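Trainee: Let's go through this one together. I'll ask, you reason it out.

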Amino acid sequence: MIPNDVRIVDLGSGAGFPSAVMAILGWDVTAIESIGKKAKFLSALKSELDLPNFTVYHGRVEDYMKKFKRNDLSVVFTARAFASLTKILDYVGRTKSRLFLLKGREVETEIADAQTKYNFDYKLIPSKTGDGYIVIVENIQK
């Protein structure tokens, strides 16, 4: 679903899903993780697997976003079990980038809540491995 020619920024990467897997598959990935133990694990994984296309940013998403080029359309954001859709849009909504988010069963409630603050197009794709969804969000406007 994600084009091969984009850079991926994964919000709240935790143990590296989906960021590390996507780096192994060849994408250029930046994993953002604020918790030191998790960031250290991701850095060790990068080193152990020799992944030059995998960057670990140890810090908060809002700090990373202060340095992010706002209209870089070559980037997509991913997240799994990170935050509500509204909170994610608060962080990255002004970037004009697409989002590929792994969400649970309550995704329609999250979408409705986010639509009270943002206008956006979205597509829901049922998960093949569980009860959740992949939500693709684009054309975000406040």
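Trainee: Which strands does helix α5 (residues 107–115) lie across, and at about what angle does it run to β6?

Mentor: Bear in mind that this is a predicted model: local features need pLDDT of at least 70, side-chain atom pairs count only at pLDDT 80 or more, and totals for chains, interfaces and linings use all residues. Residues are numbered from 1 along each chain as its sequence is written, and side-chain values use heavy atoms, with hydrogens and water left out. Helices (H or I, at least four residues) and strands (E, at least two) are DSSP runs numbered from the N terminus, contact means heavy atoms within 4.5 Å, and angles run from 0 to 180 degrees between N-to-C directions of axes fitted to C-alpha atoms, for helices over the stretch in contact. On that footing, α5 lies across β5, β6 and β7, and its angle to β6 is about 175 degrees.

Trainee: And how is α4 placed: how many of its residues are buried?

Mentor: Helix α4 (residues 85–92) lies across β1, β4, β5, β6 and β7, running at about 155 degrees to β5. Buried means under 20% relative accessible area, exposed over 50%, partly exposed in between (1.4 Å probe, protein chains only). Leu85 and Val92 are among the buried ones. The helix is largely enclosed by the rest of the structure, because the buried count is six of the eight.

Trainee: Which strands stand at the edges, each with a single partner strand?

Mentor: Strands pair if DSSP finds at least two bridges between them. The seven strands make an open, mixed sheet in the order β3-β2-β1-β4-β5-β7-β6. One side of each edge strand is left without a neighbour in the sheet, so the answer is β3 (54–58) and β6 (119–126).

Trainee: In β5, which residue is the bridge partner of Val76?

Mentor: β4 (residues 75–80) and β5 (residues 98–103) pair in the parallel sense, over five bridges. In β5, Val76's partner is Arg98.

Trainee: Glu33 is buried, so which side chain of opposite charge is nearest, and how far away?

Mentor: Glu33 lies in strand β2 (residues 28–33). Lys and Arg count as positive, Asp and Glu as negative, with His and the chain ends not counted; a salt bridge needs a side-chain nitrogen of Lys or Arg within 4 Å of a carboxyl oxygen of Asp or Glu. Glu33 has no salt bridge, though its side chain does reach the backbone nitrogen of Ser13 at 3.4 Å. The nearest opposite charge is Lys38, at 4.9 Å.

Key:
Polar contact = N/O pair within 3.5 Å; in protein donor to acceptor, adjacent residues only side chain to side chain.
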